[in-house]
Amino acid sequence: MTAKTALVVVSHHRADSLTTHIGDVLADRLKEAGYAVDLLDLRAEGFDPRMTVEDQPDWDDRDKAYSPETQAHMARIVDADLIVPVFPVYWNSVPALLKGWIDRVWNYGFSYGRSKPRLAGKRMLWIGTAGAAEGDEYWTSLRDLLDRTLRDGISYYNGITDAAVEVLPDAEGEPQIVDADGNFTKGEALTGEQRTAHYAAIDRLAVEHLEKFLG
Ligand SMILES: Cc1cc2nc3c(=O)[nH]c(=O)nc-3n(C[C@H](O)[C@H](O)[C@H](O)COP(=O)(O)O)c2cc1C
């Protein structure tokens, strides 16, 4: 039996970011679980998130030939059984780099706009890192917004019914809390062993979410 393939889509402008690190942690865990991993680091591969005329949908032609770059990305999605976008939460959503990958690649006639969805049967786990703390007043609405936009608005719309969104809180090295009155408080920056333990806990949480999703 051939191994299942996981496409891990890392979306961050810095190679030394927490997001990039979590992408590596998840890729390692997926390999341990027997997956062949295709690690797509959008920054490292120089992906340009800006929409182009070539990749803009033509509503009269669902078989439009999109740009070679976009077609190559489509092929990587087709080859994957599981798709895992890893990203920092920006303004209750995904950063422009990942948004542009969705805009250009998850395109009309490819992933949606056909009576029989081509991506049906695939699984998708969105993993975001967030500055917000889990006890934050805003945590529940953040989870809700991301779930509606990503799982419902993107995965489901593109025929992927088995999808989940998980958020890793406290992704900053210093706690940030917004209370019910909207007051923003920034705590002391973590250092030394405390900092190491804080980031190890985030790694563990990411792996727990993955293992739960893999079942
Ligand atoms: C432009 C921008 C927007 C952000 N918006 C949010 C937000 O809406 N909610 C939140 O919890 N954190 C927000 N953050 C904090 C990031 O999620 C956090 O810095 C990131 O997850 C840390 O991981 P990284 O080191 O990989 O960037 C934002 C950060 C930036 C730079």
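Here are four short exercises on this predicted model, each with a worked solution.

Residues are numbered from 1 along each chain as its sequence is written, and side-chain values use heavy atoms, without hydrogens or water. Local features need pLDDT of at least 70 and side-chain atom pairs pLDDT 80 or more, while totals for chains, interfaces and linings use all residues.

**Exercise 1: the sheet**

Task: work out the strand order of the sheet and find its edge strands.

Solution. Start with the elements: helices (H or I, at least four residues) and strands (E, at least two) are DSSP runs, numbered from the N terminus. Two strands pair if DSSP finds at least two bridges between them. Following the pairs gives an open sheet of five strands in the order 2-1-3-4-5, with parallel pairing. Strand 2 (36–41) and strand 5 (162–168) each pair on one side only, which puts them at the edges. On average, neighbouring strands are turned by 15 degrees against each other, direction ignored.

Now look at what covers the sheet. Helix 2 (residues 68–79) packs on it, touching strand 1, strand 2 and strand 3, where contact means heavy atoms within 4.5 Å. The direction of helix 2 makes about 150 degrees with that of strand 2. Helix 4 (residues 139–156) touches strand 3, strand 4 (123–129) and strand 5, and its direction makes about 150 degrees with that of strand 5.

**Exercise 2: strand 1**

Task: describe the partners of strand 1 and decide whether its residues are buried or exposed.

Solution. First, the partners: strand 1 (residues 5–10) pairs with strand 3 (residues 82–88) in the parallel sense over five bridges, and six bridges join strand 1 to strand 2, again parallel. For specific bridges, L7 has I83 as its partner in strand 3, and T5 has A36 in strand 2.

Next, the two faces: T5, L7 and V9 point one way, A6, V8 and V10 the other, and all are buried (under 20% relative accessible area with a 1.4 Å probe, protein chains only; exposed is over 50%, partly exposed in between). Six of the six residues are buried, so strand 1 is largely enclosed by the rest of the structure.

**Exercise 3: two helix pairs**

Task: classify the packing of helix 1 on helix 5 and of helix 2 on helix 3.

Solution. Two packed helices are described by the angle between their axes and the distance between the axes. Axes are lines fitted to C-alpha atoms, for helices over the stretch in contact, and angles run from 0 to 180 degrees between N-to-C directions.

Helix 1 (residues 18–32) and helix 5 (residues 192–214) pack at about 45 degrees, with axes 10 Å apart. That makes helix 1 oblique to helix 5 (under 35 degrees is roughly parallel, over 145 roughly antiparallel, 65 to 115 roughly perpendicular, the rest oblique).

Helix 2 and helix 3 (residues 96–105) pack at about 95 degrees, with axes 10 Å apart. That makes helix 2 roughly perpendicular to helix 3. In this contact, E69, T70, H73, M74 and I77 of helix 2 meet W101, R104 and V105 of helix 3.

**Exercise 4: a loop glycine**

Task: place G131 and list its contacts beyond its sequence neighbours.

Solution. G131 lies in the loop between strand 4 and helix 4. Its relative accessibility is 22%, so G131 counts as partly exposed. Leaving aside neighbours within four places in sequence, G131 is in contact with D170, A171, E172 and Q176. Finally, V89 is 42 residues away along the chain, yet the C-alpha atoms of G131 and V89 are separated by 7.8 Å.
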